[in-house]
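These are my notebook entries on chain contacts, helix packing and domain layout, written in the order in which I looked things up.

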Amino acid sequence: MLKIYPVIAIIGLVISIGSVIRKSPFFNFTGILVCIYGLLKSAEYVMPALPSQVILMYMAMSFFSFFIYFSIQEETFKAFLEPMRAVFADDNKALLRVLIVFIGLPLFAGYLTYVKVKPTYDPPVSARIVHPEPPSQMDFRGKSVNVLGLENPLRKDAANFAKYVEEGKKIYYQNCFFCHGDDLDGKGHLSQAFNPVPLPFRGTDTIAQLPESFVFWRVSKGWRGLPAGSGPWNSSMPSFEDFLTEEEVWKVIMFIYDSTGNKPRSW
Amino acid sequence: MADVSVKKGLTKGLIKLTVLLGIGFIFLFVLGRLLPAPSEDGYRVFPVIGSRVWVWIIAQLHLNFAAFVLGVPIFAVSMEYLSWRRSDGRLDRIAYDFTKLFTLAYTITASIGTILLISLPVLYPKFMDHMMRILGPTWWLYIVVMYVEVMVCYYYYYSWHKMKNNKGAHVAIGGLLNIMGVIMLLITSSWVGYMTTPGGVSETGELISRWHAIKTHMWIPLSIHRLVANVVFGAGIAASYAAYRFIVSETDEDRAYYDWMGYTSAMISIGFSLILPGVGYLLGVEIYSFNEQMGIQLMGGFFAWLWVMQAILIGAILMFVNYYLWISLNKMPGGERYFKYVKYLFIVMLLGYAVWLTPHSIALSLDEARKMGTYHPVLGNLGVMAAKNTAVVITYLVTFLSFAIFKMSNKEPVVSWAKLGNALRIIIVAGSTVAVLAIGVYSYMVSSSVRVKVLSPIQFGVFFLSIIALFILDAKMFKNAKIIGAPRWGKMPERSQYALIGITVTFTWLMGMMGYMRSGGRQYWHVYGIIKDTSPDAFLPTHGFAAVVTSILTVIFFALMGLLFYGIMKLEKKGGQGGAKA
Amino acid sequence: MKGGAIKLFIVVVGINIFFAYIGLYFLPQSQSLPPKTIKVEKGITQDELVTLGETIIFSKGQCMVCHPMKQETGMRAPAIATIGAEIVKSAKERNMTPEAYVFEALVNPGEYVQKGFENMMPPVHKPPTSLTEGELIAVAAFLQSKGANVTVSYPESIPVLQEQIKIEAKKGGK
């Protein structure tokens, strides 16, 4: 994928540097703004993209501030206005003037209007909490379990660790594999049928961020256990308490942590 | 105008005030009879725009003018005092110009006050009944003080030239004027304080202690906050008056004088505005200690986005101020040596501004919300108080440096330790910047109560210490300094004057918005927790609506101000009191 | 200079239009409506109470001003998500029934403050929040549902609630 925004930033920088040499503050101003825009937009390559509203805010501020900056000294300001004056007062540039006023401006206004009235197909905003706070108590097949501070009882039995993981693997392939995938990456055979798609276990932002007690609750209760803020209707995770025993759930949890190299959060 | 004898002036003032009050009471009486009885829960509806918007606009206009006529005398008298001690004619003239401004503004203030006096009891009879029951006596005291204040003010103005040879007594009268002004401010603040943070009444609104109803949580901090803001605002208006006169003046002499007046007023305004965050902090603490819920609601609840707006506005004000100071370097002989520093100041300013207007939680499009949740992982960090305090302190520091540069730009130090002094200045600036930044970073790691109660005050303390140190250092260093050339007052491009106007308009707008927030903090209560607002206007409007109303009333305010300025010029022409004489 | 005054006025109007524009198109637009009193009917089920309680803590109760839903660093007040379990724990510690404890926490919150937090909650049955008895019970039910079994009900829990209100009133008299 061509990374367009850094290129824009560089173009802006080049314009700016070039116009410093040519002593043309107006193009310097334009170049700086283009460069800032490019930089703000390229932020998305190193972090989540900046919200468009913030970018708009920063751009407005930069426009205002740099305009002010270029009007401090009399000579600079005169030079700054020069290109505009040239366009609007120079006899030789009548054509350019006509183009700007009768074609450029209407097109620009038309574009703005288009953007404003263009229908969008975004569903209404609902910020879904993917990993909500679990309840402190839950029922597992009618038995009351304290989720808060719950630990995996099988981990204490370190001697049989490999055995449990092996058993967990079997359970995984009998129950979970269809959606969560052969590679535990959330790309199982059925995964594309769901929206949102099943979560992967690899990587550092799903189970690596969660304590085992959470995973236990989530596996056992499935979509039905989710609070309203997490949109239970947006999850296709079954309630595995209906199919597995407590011990089996713990085993499969050990398997998914072990085979992805993740460690449960313990804090 | 100044030919009018003192006695005549006083009589005129007396008659004006009495007539206005009379009109007010007659209208109240007549309207009370003519209008249909108020609705069951005690409201009448103002046609078309509704009672709330009407009272909102009138009250804010009245407050703007009141702020002006209470704020300007403070530094008008200070100027007169200085001119008296130093026998400086220019200071005397500026003081007289200020006095002219606020004396004439009294009439408009009182007229709008009369409209408010009629509107409130007619539109909100039940609420006003309650207020009169609880704080009635203060209202009668208010009228008495108002009479005294107006008399003193008119006397002060009309006796200006008469008492030329008795300056001490005249300054004393000015002092009395200000004391009266402060008393009026205290009385009105007690009303607003009672509405927002009521005390001294039972839960059903029966009076228990009148003194406690006056001495509410908000009373003193609000009064101090208003007093300081009045000075800032008054000076700002004076600066815009100077800008107006600068732009319309036809002689170089006039331009020189009004340039100087604009500069002086703007610096008074900005200088006093340095105290405002601290005073506002005190006010905030009092609101929190009255009711935590109201405090949080104001700071982070429904009004959270208006603080972003406030950041935009204050950032714009500081940008305008710096711009004005940087442009001013043009008129200083030797100023061109300092343009190279402006670049760096500008960059710091820009970064500070950017941090300051970064919101904590961001209105996101769906797509964006999917990717990151409500808080942006990086920007979210800039949106919190730790970053904002740091940014504002740094931008204030930059503003002070711009001011310092302007002051020293036409001088060359002659003291033997000039080099050492410069090194010292760099150390102070760099040191305080590092300290402020370090505290800022550290405040991410502590709990919010430590941040608010310990670290923020330290941050501001460091700032004040460093500007005091710089001030003393510069005073010592540039004592008897070689002066490259006198400032060429009046040699300013016109756009600098627009910056001055920009400061004042922005500040007025800000005042309108903060007034709305203070008032809106009560939510659906007339008197918080005591008298519920059951009118159709009990809801808080959208921010957009509030912004439009604020803009409209700001424009009305400036239109009236424009009339006032115009009136003064007309009077000057008629009275032969030409501005160019000084 | 001729026309300077007019130009100035245009600048003033322009700045104001700009600010109004920011207010209109830059800030989120929502109104804050005064809350409506919710009538709780006799014989309401506990599930309905919980749902009602949830609406109240987001609206009239204004609980979310201080209480976050989920644990977060630097929070002002305990998180709601696990508060039911906390109620059971603290009630045991103080030898009270969970029912009495949850009402005490609502109408007399200064009596017992969770460790690590400051005493800053107003009694919510008094103005300005002024929750009614039914609303208080609904909120209590919702809080209990966050990690414990709901034991309050309407109107059976009213005496327990009134007892706590009485204790609070006595304290205020001192």
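I first fixed the contact criterion, under which two residues are in contact if their C-beta atoms, placed from the backbone, lie within 7 Å. The model is predicted, so I noted that local features need pLDDT of at least 70, that side-chain atom pairs count only at pLDDT 80 or more, and that totals for chains, interfaces and linings use all residues. Residues are numbered from 1 along each chain as its sequence is written, while chains are lettered from A and ligands numbered from 1 in the order in which they are written.

**Chain contacts**

I looked up chain C against chain B and found 32 residues of chain C in contact with 43 residues of chain B. On the chain C side I counted 23 nonpolar, nine polar and no charged residues, where Ala, Val, Leu, Ile, Met, Phe, Trp, Tyr, Cys and Pro count as nonpolar, Asp, Glu, Lys and Arg as charged, and the others, Gly among them, as polar. For chain A with chain C, I found a contact of five residues from chain A and seven residues from chain C. The chain A side of this contact has two nonpolar, two polar and one charged residues.

**Helix pairs in chain B**

I took helices as DSSP runs (H or I, at least four residues), numbered from the N terminus, with axes fitted to C-alpha atoms over the stretch in contact and angles running from 0 to 180 degrees between N-to-C directions.

Helix α7 (residues 219-248) of chain B packs on helix α9 (residues 276-290) of chain B at about 155°, and their axes are 9 Å apart. That angle makes α7(B) roughly antiparallel (over 145 degrees) to α9(B). Among the residues that meet here are B:I224 and B:V228 in α7(B) and B:L283 and B:E286 in α9(B). By class, this contact has ten nonpolar, two polar and one charged residues.

I then turned to helix α3 (residues 89-123) of chain B and helix α4 (residues 125-158) of chain B, which pack at about 160° with their axes 12 Å apart. α3(B) and α4(B) are therefore also roughly antiparallel to each other. The contact includes B:Y106 and B:L120 of α3(B) and B:M128 and B:Y154 of α4(B). Its residues divide into ten nonpolar, two polar and no charged.

**Domains**

For chain A, I noted domain 1 (4-89) and domain 2 (137-260), with bounds from an automatic or database domain assignment. The centres of these two domains of chain A, taken over C-alpha atoms, are 52 Å apart. Chain C is assigned domain 1 (1-30) and domain 2 (46-173), and 48 Å separate their centres, taken over C-alpha atoms.

Notes: Helix = DSSP H or I, 4+ residues; strand = E, 2+ residues; numbered from the N terminus. Parallel < 35°, antiparallel > 145°, perpendicular 65-115°, else oblique.
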